[in-house]
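Here are my notes on the model, set out as numbered points. Please read them with the structure open.

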Amino acid sequence: MSFGGPALLDDVTVVLEPGQRACIVGRNGAGKSTLLKIAAGTLQPDHGDVQYSTGSRAAFLTQEIPDSLHGTVQEFVASACLHDEIPEWELNTRVERIIADMGLIPDADCDSLSAGTKRRVLLARELVWEPDVLLLDEPTNHLDIAAIAWLEKFLNNYKGALLFITHDRAFLQNVASEILDLDRGRITRWVCDYNSYILRKEEWLVAEARNQAVFDKKLAQEEAWIRQGIQARRTRNEGRVRALKRMREEHRARRQRTGAANMQIEEAGRSGVKVISAKDISYAWDSRPIVKNFSDIVERGDRIGIVGPNGCGKSTLVKLLLGKLAPQRGELTHGTGLEIAYYDQTREQLVETQTVQEAIANGLEVVEINGGRKHVMTYLQDFLFTPDRARSTIDMLSGGERNRLMLARLFARPFNLLVMDEPTNDLDLETLELLEELLSAYTGTLLLVSHDRAFIDNVVTDLLVLDGSGNIESYVGGYSDYLDEKAQQAAARERAAKAANKSSSGAKPEKARKFLNRERWELEALPAQIEELEKESAEIAAKLAAPKTYTDNPTQVPVLQARSAEIDNEMNAKFARWEELEALRVELEG
């Protein structure tokens, strides 16, 4: 498939079996959504075809949200099965279950819903008729963490084939059983989880670079040979000449990888130590409490994540803290020297009719970054905009390109308080990881609203959790730390309840549990077992990194990759068992 430039899809073949959960990964603009649309039949390829097994049905959830969805939520979800021969009682049961699982209100009017809730309704409509193949383009966009966790569980129990695209690395890691890497028009299949894929892809790229270097050296030698004197040309080997021509064609056809974005943050001067002080602030909408008696002090250098279900008031809390909304009760004060940059998830700051270049510089040709001056075109290239793309209007951009443009606008001026509301939507995984690195090195103050669990874990040091009824709890750490603390609290309550029940019933206390000898022997043996697996993994990694493996024995590559995946799983299981036994030993023996 091509749209005038280099082929987005170049002789791509994908086969899906029931139970396979394959995720397409690649840079923004690589052709991921194009491939999904071709698989769904909504886009016809230039060459090739798509075949489904007889009687199988596919459901396709696109990134785009229609402007209007007619009827109530229950009516719209049920309409997916109008032409299916499903008994009415079964249809009603399915619809009610999926609506409840997705946290939807059955009699709500679809047209009155927010974009995020509409997306959940669309997803519910695709899931309710239980298709054989699910094609999902960014299914977690606009879903809150609870809905994402439910979707993970649903998809892991789904018996059909799943082909999806996502930027959510935690979702990807928890759902995908294999990775389809779309890079420069070709698909490479990796039968492993996402974390293993990241390591192996890096090794593969190193091997590719080495192979190309060997090829380029050989080509240079052949070019030097062909340019020898007349005598040499008279006696030259015509087979060698034909081989040189083939090498030239192969070199011309080679497509280089898109470079990484080169984003930089220009920090303003230091703010005061106290950045924001909130004392007993409250805010309600139509008598519904959004923020209730909230007090906190945000200090310079704090990195605070804000999480909670959709509609709970995260964006409202941000606007209150920034002074864009006035609290109905309580006091809010800002510290001195604040320079605020605000990333708005609705992208209201973008004017559709402007060009990308105009959106950055307002007609100026240069931007100033960290004391230096850059031409606006050079600056936009740092954010992966080609000159042609920089001259196009904003309404022509993809979701990922719009997000990169928002980041480019944001980072084009200095700030010391950065507020980001859902910055990760539609960003490709490489740009997402670069943004993480950038924020990790940022020394100013950060307020982050996000449903991306991995992004939160890697960026913030504190968490504000909204429950939807106006209450806000504060936790130290990222989202995983919050889950651990909640689990510990729940376990403590359960132990206290059991102890209280035993005490009230007069039952004899249980005999103290001991750390068993067989558990001790297993614990002592695990480090050596893990060490052996690590050694084998390193040997396989060395083989996969060697170009000779791919040239001399290519059939060995998938075998090595499969064994590497097995080792990863075995090591994960042994590490988990070691942690379990060690925790048990400490609990029983101190």
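1. I begin with a salt bridge between the side chains of Asp568 and Arg200, with an N to O distance of 3.6 Å. Asp568 belongs to helix H20 (residues 556–589) and Arg200 to helix H7 (residues 194–226), so this contact ties together parts that are 368 residues apart in sequence. Asp568 is buried because its relative accessible area, 14%, falls under 20%. Arg200 also counts as buried, at 5% relative accessibility. Note that this is a predicted model, and the side-chain pairs discussed here count only at pLDDT 80 or more.

2. For the overall setting, the chain has 590 residues, of which 43% count as buried. It holds 20 helices and 17 strands. The C-alpha trace spans about 105 × 70 × 60 Å along its principal axes. A search of the whole structure gives 22 salt bridges, and the pair in point 1 is a salt bridge between Asp568 and Arg200.

3. A further salt bridge joins the side chains of Glu130 and Arg94, at 3.5 Å from N to O. This pair links distant parts of the chain, 36 residues apart: Glu130 sits in the loop between helix H4 (115–128) and S3, while Arg94 sits in helix H3 (residues 88–101). What is the exposure of each partner, Glu130 and Arg94? Glu130 is partly exposed, with a relative accessible area of 43%. Arg94 counts as buried, at 10% relative accessibility.

4. Lys374 and Asp382 form a salt bridge through their side chains, with an N to O distance of 2.3 Å. I would ask the reader to look at this pair in the model. Lys374 is partly exposed at 23% relative accessibility, whereas Asp382 is buried, with a relative accessible area of 12%. Elsewhere, Asp181, Asp183, Arg184 and Lys201 are joined into one network by salt bridges that share partners.

5. Glu138 deserves a separate entry. Which side chain of opposite charge is nearest to Glu138? That side chain is Lys32, 6.4 Å away, and Glu138 is buried yet has no salt bridge. A salt bridge requires a side-chain nitrogen within 4 Å of a carboxyl oxygen. The side chain of Glu138 does make a polar contact, at 2.9 Å, with the side chain of His167. Glu138 itself lies in the loop between strand S3 (133–137) and helix H5 (145–157).

6. On the surface, Asp467, Glu473, Asp481, Asp484 and Glu485 form a negative patch. Helix H17 (residues 479–505) supplies the largest share of this patch, with three residues. Glu473, another member, is found in strand S17 (residues 472–476). At 43% relative accessibility Glu473 counts as partly exposed, and the patch takes residues with over 30% relative accessible area and no salt bridge.

7. Two backbone angles should be checked in the loop between S7 and S8. Asp286 has a phi near 50 degrees, a positive value in a residue other than glycine. Asp286 lies between strand S7 (274–285) and strand S8 (288–299), and is exposed, with a relative accessible area of 68%. Ser287 is placed in the loop between S7 and S8. Its phi is positive as well, about 70 degrees, although Ser287 is not a glycine. Ser287 is exposed because its relative accessible area of 74% is over 50%.

8. The last point concerns Tyr342, which is placed in strand S11 (residues 340–343). Is Tyr342 buried or exposed? At 14% relative accessibility, Tyr342 counts as buried. The C-alpha atoms of Tyr342 and Lys543 are separated by 48 Å, and these residues are 201 residues apart along the chain.

Technical notes. Residues numbered from 1 in each chain as written. Heavy atoms only, no water. Patch = residues over 30% accessible without salt bridge, like charges linked within 9 Å, V, L, I, M, F, W, Y side chains within 5 Å. Areas by Shrake-Rupley, 256 points an atom, 1.4 Å probe, with all protein chains shown as cover. Lys, Arg positive; Asp, Glu negative; His and termini not counted. Charge placed at Lys NZ, Arg CZ, Asp CG, Glu CD. Helix = DSSP H or I, 4+ residues; strand = E, 2+ residues; numbered from the N terminus. Buried < 20%, exposed > 50% of the residue type's maximum accessible area, 1.4 Å probe, protein only. Polar contact = N/O pair within 3.5 Å; in protein donor to acceptor, adjacent residues only side chain to side chain.
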